[in-house]
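Reader: I would like a close look at one part of this model, taken slowly and with the reasoning spelled out. Please then set that part within the rest of the chain.

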Amino acid sequence: MDRLRSSAAYRIAFTYSAACALAILLLGVAVYFAADADFRRQQDAGLAEESRGLVREFEEGGMADIAKAIAKRERGVSAYGYAIFDGAGRRVAGSLETSRPDAGSSDIIFTDPIEGPDPAQALGTDLPGGYRLVVARDTEELEGIDRTILILFGGAFLFVLALGLVGALILGGYLRRRLSGISDAARAIIAGELDRRVPLGPHHDEFDQAGRALNTMLDRINQLMDNLRQVSSDVAHDLRTPLLRLRNQLEQVGSVDGAAAKAIEQGDAVLALFAAILRIAEVESGALSRTFAAIDLSALATDLGESYQPAFADGGRELDWSIKDGIMVCGDRELIAQALINLLDNARIHTPPGTRVRVALEAGDDWAQLSVADDGPGVPAGDHDRILQRFARGEASRTTPGNGLGLSLVVAVAAAHGGNVAVGANAPGLRVTIIMPRAWS
């Protein structure tokens, strides 16, 4: 039920069905009252016509003729009941057993020989001599017609309601399936399946047209991204070879006042930059996702923490960890290890001695959260999102080694595993958290 309420496709379908059902209900009510009013007008017209005929009998032959006419009608098959009352209210003609009603149209109760007291519609007409002619018709027939209309309409309305409900479920399911094809393709592309496309149907309808346009757009974007990655890779590959040759030549030259050593150091930094660019391009290509396997993230984080603890201690910093056991993820062990190493290196390089760094691994039913937090100077809140971008560096880290690609690789690794990276304040310090889908062994 929650799935139906949260689905726009089902809400549209049920709203349309409810609107149709309401329209049919209003139409049915209008038809019922219109038919009832018409039947009552016909009944009133019949009473008036019958009364006029008896009044003419009275005018032509007096009480004797009208009494004979009433007796003749009562011996035949007539839908009406008749009675004449004198001024004292005594019935002097006809067999309609009721009290003297008022003149004009009125509702009365008469005594039916078979059913007992019954309601009727009566028309009272005053005659000379203080007499009052009463012609009445049992309303049971009209009420029966009304009941029949209500039963037929009620049954038809329930059928239409059930048909509308089934139609809404079918229509909502159809809309949901077509829309889910688009959202599933989008989620797959976000997860790294860059060749995934929106499925198309055979009818070339609006959904197919939208899907075809999206697929064309995705093909174009993929082509542009491939070109960009290819250019980046080509530049990095082409520059690595002459840089390596230059480095080797500098090593052969030797050191003159340390100039060659400094040049070699700068060359190593440039080579590391190109290696980082190539690694990020490789991760973002999505090709590595085909080799993903189950990884014990708890054991990996513990191993890296134990390995890095001496390096932190040598620099006058403290490293500890809080790792929840048995947390599994599906991914590439080397990539996740590299991402955590980058976070640890950032915390070690960009914080002053005496800083405490803490690695934490927590998990819920669906997600695993691996974070590195420190109590150092931190990063201004306005730069939290910026430092995740390529080549972005904080003002405090301008004088430290690096190229601004460490966190970019962390973001690429998290995205390749269907997750994301969150940067926040640690009050004091900085906290960087990698969030990835949890796997269950």
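Author: Let us begin with a single side chain in this predicted model: Y174 has a relative accessibility of 31%, and it therefore counts as partly exposed, since buried would require a value under 20% and exposed a value over 50%. F207, at 24% relative accessibility, is likewise classed as partly exposed.

Both residues belong to the aromatic pairs of the chain, of which there are 3. In one of them, F153 and F157 are stacked, with 6.0 Å from centre to centre and 25° between the planes. These two residues are 4 apart in helix α3, which covers residues 140–190, so about one helical turn separates them. Their surroundings can be read from the accessible areas: F153, at 23% relative accessibility, counts as partly exposed, whereas F157, with a relative accessible area of 17%, is buried because its value lies under 20%. Y174 and F207 form another aromatic pair, in this case edge-to-face, with the centres 6.3 Å apart and an angle of 90° between the planes. This pair links distant parts of the chain, for Y174 lies in helix α3 while F207 lies in helix α4 (residues 206–253), and the two positions lie 33 residues apart in numbering.

A further ring contact involves a charge: R137 lies over the face of Y80, at 5.4 Å from the ring centre.

From here we can turn to the sheets. One is an open sheet of 5 strands with antiparallel pairing, in the order β2-β1-β5-β4-β3. Its edges are β2 (91–93) and β3 (104–112), and because each of them has a single partner strand, one side of each is left without a neighbour in the sheet. Neighbouring strands here are turned against each other by 40° on average, with direction ignored. The edge strand β3 is joined to β4 (residues 116–127) by 9 bridges, and the two run antiparallel; within β4, A120 is the residue that stands opposite I108. Helix α2, spanning residues 8–75, lies across β1 (80–85), β2, β4 and β5 (131–138), and runs at about 135° to β5.

There is also an open sheet of 5 strands with mixed pairing, ordered β7-β9-β10-β12-β11. The edge positions are taken by β7 (318–323) and β11 (420–425), each with a single partner strand, so that one side of each has no neighbour in the sheet. From one strand to the next, the twist averages 15°. Between β11 and β12 (residues 430–437), which run antiparallel, there are 6 bridges, and V421 has I434 in β12 as its bridge partner. Helix α7 (residues 333–349) packs on this sheet, where it touches β7, β9 (356–363), β10 (367–374) and β12, and its direction makes about 20° with that of β10. Helix α8 (residues 406–416), in turn, lies across β11 and β12 and runs at about 135° to β11.

As for the chain as a whole, its secondary structure comes to 8 helices and 12 strands, and 37% of its 441 residues are buried. Of the contacts between residues at least 6 apart in sequence, 61% join residues at least 24 apart. The accessible surface comes to about 25000 Å², with 58% of it belonging to carbon and sulfur atoms.

Methods
Residues numbered from 1 in each chain as written. Predicted model: local features only at pLDDT ≥ 70, side-chain atom pairs only at ≥ 80, totals over all residues. Heavy atoms only, no water. Pairing = 2+ DSSP bridges. Axes fitted to C-alpha atoms, helices over the stretch in contact; angles between N-to-C directions. Contact = heavy atoms within 4.5 Å. Buried < 20%, exposed > 50% of the residue type's maximum accessible area, 1.4 Å probe, protein only. Areas by Shrake-Rupley, 256 points an atom, 1.4 Å probe, with all protein chains shown as cover. Phe/Tyr/Trp six-rings, centres within 6.5 Å; stacked < 30°, edge-to-face > 60°. Lys NZ or Arg CZ within 6 Å of the ring centre and 35° of its normal.
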